[in-house]
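Could you walk me through this structure, starting with its sheet and then turning to its pockets? I work at the bench and would like a plain explanation.

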Amino acid sequence: TLQVQSGASHVLGYQVIYWSKADTRYSGVNVTGLSSEQATLQNLHPYTSYLVAVRLRCSEGRVGVASPAFSFNTEAAEPTGKVVNLSVSLVGSGEHEATISWSPLSSGDWNGVPYGYYVSIYTMRAFPKPTLKPYELCSRAKRHIFS
């Protein structure tokens with residue numbers, strides 16, 4: 001039950017306040033009028049625990065006593081950071097082995113539970129350069145067409 005603090009004020013609507021469990025600062029969304037009973041919270045961080053409460057918003061900048069806080073969690077998302085300081089060192093006598101290293105992502109870039117890194121290795125092959133110049137290719141095609 002929402003209660004208005006003492007004093008004569010005109011009720012304008014609701015204020016939805018929310019904050020992450022790791023932060024003491026809160027954000028708020030004002031809902032105008034008493035007929036609206038929902039609000040959308042935007043720009044929430046992935047894989048974060050939040051608390052949310054609702055209170056009446058009154059004239060003169062006054063607010064009512066907040067409801068008990070409700071807890072919810074946002075879902076995990078893809079990591080936002082990129083691997084940096086990537087290096088490859090050839091090892092062994094025949095240089096048929098390589099050591100790959102990088103700097104880890106910061107905990108804020110994981111956006112979920114870190115399971116590890118996925119390392120892909122591709123074989124690059126050199127293709128032979130064409131022996132004919134573009135002009136020679138065109139002139140041969142013309143001779144073939146007209147002969």
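Here is a short tour of the sheet and then of two pockets.

Before we start, please note that this is a predicted model, in which local features need pLDDT of at least 70 and side-chain atom pairs count only at pLDDT 80 or more, while totals for chains, interfaces and linings use all residues. Residues are numbered from 1 along each chain as its sequence is written, and side-chain values use heavy atoms, with hydrogens and water left out.

Let's begin with the open sheet, whose four strands come in the order β2-β1-β3-β4 with antiparallel pairing. Its edge strands, β2 (27-32) and β4 (70-73), each pair on one side only. Strands here are DSSP runs of E with at least two residues, numbered from the N terminus, and two of them pair if DSSP finds at least two bridges between them. On average, neighbouring strands of this sheet are turned by 30° against each other, direction ignored; the axes are lines fitted to C-alpha atoms, and angles run from 0 to 180 degrees between N-to-C directions.

At one edge, β1 and β2 run antiparallel and are joined by six bridges. These two strands form a hairpin, with six residues between them. If you would like a pair to look for, Tyr 18 has Ser 27 in β2 as its bridge partner. At the other edge, β3 (residues 49-58) pairs with β4 in the antiparallel sense over four bridges, and Leu 51 has Ser 71 in β4 as its bridge partner.

Now for the pockets. A pocket is found on a 1 Å grid over the protein atoms alone, as an open set of points where a 1.4 Å probe fits, with protein on both sides within 12 Å along at least five of seven lines; lining residues have an atom within 4 Å of a point. The volume is the space filled by probe spheres set on the points, which are joined across faces, edges and corners.

The largest pocket has a volume of about 200 Å³. Its lining includes Val 83, Trp 102 and Tyr 117, and the elements that give two or more residues to it are β5 (84-91) and β6 (97-103). By class, this lining has nine nonpolar, one polar and no charged residues. Ala, Val, Leu, Ile, Met, Phe, Trp, Tyr, Cys and Pro count as nonpolar, Asp, Glu, Lys and Arg as charged, and the others, Gly among them, as polar.

The second largest pocket has a volume of about 160 Å³. Tyr 18 and Ser 27, the bridge partners, are among its lining residues. Strand β1 (residues 11-20) gives the largest share of this lining, three residues. Here the classes are five nonpolar, five polar and two charged residues.
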